[in-house]
Amino acid sequence: MKIEQLEAQHFSQVIQLGNLVHGENYLDEDKLKKIYKMGLKNGFNASFVAVNEQGQVIGFRLTYSAGQWPIDKWCTPNSWPVDSEHMAYFKCIAIHPNAQGQGIGPKLLSASVQILKQQGAKAGIAHLWKQSPGNGAVKYFTKAGGTLIKLHDDRWLENCINEGYECPICGNDCHCQAAEMVLTLS
């Protein structure tokens, strides 16, 4: 298995894996192109994929560079340890169900953190899916050093209404909770 920077050649597999893990209509080509651009800064790309020996994407970490993403109502900047211009955003991670438990997630996060530091970020936040199987998303981010800022109800409901997103638990009426967590980059 290799960790590589996300490139256009990976897009179709990333979209397929994202929709498998996070639910239908989570990613499409237009969304992924925007996400990709928000992770580019100072010649560095903060998003990564894990590719197996057969060249298949078995995991990805999509990350926005500091100062290049919209701070919305789901963010609590007054509780962040750094100012917003130095805050990156860990958009999402997905590991294929057959590849989970092999340490791929931490390797992808580490790769993103190293690039974010080179880009000048001092911390990063994420909105983690509390209802993920076994609350694995929050556990994984906590183990990496993340701390809870705030819990947000109905975080992805607007995505269901406006974008046709289908939560793997709630369908097209998602009431899952997001844990806004911060990871200081040291």
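Reader: What makes strand 1 and strand 4 a pair?

Author: In this predicted model, four bridges join strand 1 to strand 4, and the two run antiparallel. Pairing takes at least two bridges, so they qualify. Within that pair, Lys-2 stands opposite Val-51 in strand 4.

Reader: And what joins strand 4 to strand 5?

Author: Four bridges, again in the antiparallel sense. Here Val-49 stands opposite Phe-60 in strand 5. The hairpin of these strands has five residues between them, and Gly-55 takes a positive phi near 85° there.

Reader: Which way do the side chains of strand 4 point?

Author: Phe-48 and Ala-50 point one way, Val-49 and Val-51 the other, and all are buried.

Reader: Why is strand 1 (2-5) called an edge strand?

Author: Look at the order of the open sheet: 1-4-5-6-7-9-8, seven strands with mixed pairing. Strand 1 and strand 8 (147-152) each pair on one side only, and they are the edge strands. Neighbouring strands of this sheet are turned by 25° against each other on average, direction ignored.

Reader: How do you know that strand 7 and strand 9 pair?

Author: Seven bridges link strand 7 (residues 123-129) with strand 9 (residues 178-184), in the antiparallel sense. The cut-off is at least two, so this counts as pairing. Leu-128 stands opposite Ala-179 in strand 9.

Reader: What lies across the strands?

Author: Helix 1 lies across strand 4 (48-51), strand 5, strand 6 and strand 7, at about 90° to strand 5. Helix 3 (residues 104-119) lies across strand 1, strand 4, strand 5, strand 6 and strand 9, at about 155° to strand 6.

Reader: How do you know that the buried residues of helix 2 line one face?

Author: The buried ones are Leu-32, Ile-35, Tyr-36 and Met-38. Seen down the helix axis, they fall within an arc of 165°, so they line one face. On the other side, Asp-30, Lys-34 and Lys-37 are exposed. The buried residues pack against helix 1 (11-22) and several strands, including strand 5 (57-64) and strand 6 (87-95).

Reader: What makes Asp-28 a cap for helix 2?

Author: One of its side-chain oxygens lies 3.1 Å from the backbone nitrogen of Asp-30, at the N-terminal end of the helix. A polar contact needs the atoms within 3.5 Å, so that distance fits.

Reader: Why is Pro-70 called exposed?

Author: Its relative accessibility is 55%, and exposed means over 50%, so Pro-70 makes the cut. Pro-70 is found in the loop between strand 5 and strand 6.

How values were computed: Residues numbered from 1 in each chain as written. Predicted model: local features only at pLDDT ≥ 70, side-chain atom pairs only at ≥ 80, totals over all residues. Heavy atoms only, no water. Buried < 20%, exposed > 50% of the residue type's maximum accessible area, 1.4 Å probe, protein only. Arc of directions from axis to C-beta. Contact = heavy atoms within 4.5 Å. Polar contact = N/O pair within 3.5 Å; in protein donor to acceptor, adjacent residues only side chain to side chain. Axes fitted to C-alpha atoms, helices over the stretch in contact; angles between N-to-C directions.
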